[in-house]
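I opened a notebook on this structure and wrote down each thing as I looked it up. The entries follow in that order.

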Amino acid sequence: MTIQELVEGRIDFKGQKTADDIVRVVLITSTFLSFVIGFAFSSLMITMSTFVLCTVALSLVVLPPWPMFNRHPVTWLSESVQEQSQK
């Protein structure tokens, strides 16, 4: 993966849904987990630290345009094909 591909950040629509599903599940789970751990230790610092660590780990998983998020690239029609279909 080149630097240009990382900067462009191209992922397909199915990859966006996959990333959204991962974010949803991990944030809900990490919220519950950090609350339980913080409650067990009676520490708000531990609660927030656990949540921040989970959020940073999640960011490393979903923010870069990994190849698993671009398995179904969209092929766009050329202008000539679009013009012929409009006639």
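Entry 1, a leucine and its surroundings. I began with Leu 33, which lies in helix α2. Helices here are DSSP runs of H or I with at least four residues, strands are runs of E with at least two, and both are numbered from the N terminus. Leu 33 counts as partly exposed, at 41% relative accessibility. The classes are buried for under 20% relative accessible area, exposed for over 50%, and partly exposed in between, with a 1.4 Å probe and protein chains only. I then checked Leu 33 against Thr 47: the two are 14 residues apart in sequence, and their C-alpha atoms are 8.6 Å apart in space.

Entry 2, the source of the model. This is a predicted model, in which local features need pLDDT of at least 70 and side-chain atom pairs count only at pLDDT 80 or more, while totals for chains, interfaces and linings use all residues. Residues are numbered from 1 along each chain as its sequence is written, and side-chain values use heavy atoms, with hydrogens and water left out.

Entry 3, helix α3. I found Thr 47 in helix α3. Is Thr 47 buried or exposed? Thr 47 has a relative accessible area of 15%, so it is buried. Which residues does Thr 47 contact, leaving aside neighbours within four places in sequence? I listed Ser 34, Phe 35, Gly 38 and Phe 39; contact means heavy atoms within 4.5 Å.

Thr 55 is also placed in helix α3, and with a relative accessible area of 26% Thr 55 is partly exposed. From Thr 55 to Ala 19 I noted 36 residues in sequence and 14 Å in space, C-alpha to C-alpha.

Val 61 has its place in helix α3 too. Val 61 is partly exposed, at 37% relative accessibility. Residues up to four places away in sequence not counted, Val 61 touches Trp 66 and Phe 69. Between Val 61 and Ile 22 there are 8.9 Å, C-alpha to C-alpha, and 39 residues in sequence.

Entry 4, the loop. I looked at Ser 42, in the loop between α2 (13-41) and α3 (44-62). Ser 42 is not a glycine, yet it has a positive phi of about 50°. Most residues other than glycine have a negative phi. Ser 42 is exposed, with a relative accessible area of 66%.

Entry 5, the whole chain. I counted four helices and zero strands, in the order α-α-α-α from the N terminus on. The radius of gyration of the chain is 20 Å, where a compact globule of 87 residues would have one near 12 Å. That radius is taken over C-alpha atoms, and the globule rule is 2.2 Å times the number of residues to the power 0.38. The C-alpha trace spans about 70 × 30 × 15 Å along its principal axes. Of the 87 residues, 15% count as buried. Among contacts between residues at least 6 apart in sequence, 71% join residues at least 24 apart.

Entry 6, the lining of the largest pocket. I sorted its residues into five nonpolar, two polar and two charged. Ala, Val, Leu, Ile, Met, Phe, Trp, Tyr, Cys and Pro count as nonpolar, Asp, Glu, Lys and Arg as charged, and the others, Gly among them, as polar. A pocket is an open set of points on a 1 Å grid over the protein atoms alone, where a 1.4 Å probe fits, with protein on both sides within 12 Å along at least five of seven lines; lining residues have an atom within 4 Å of a point.
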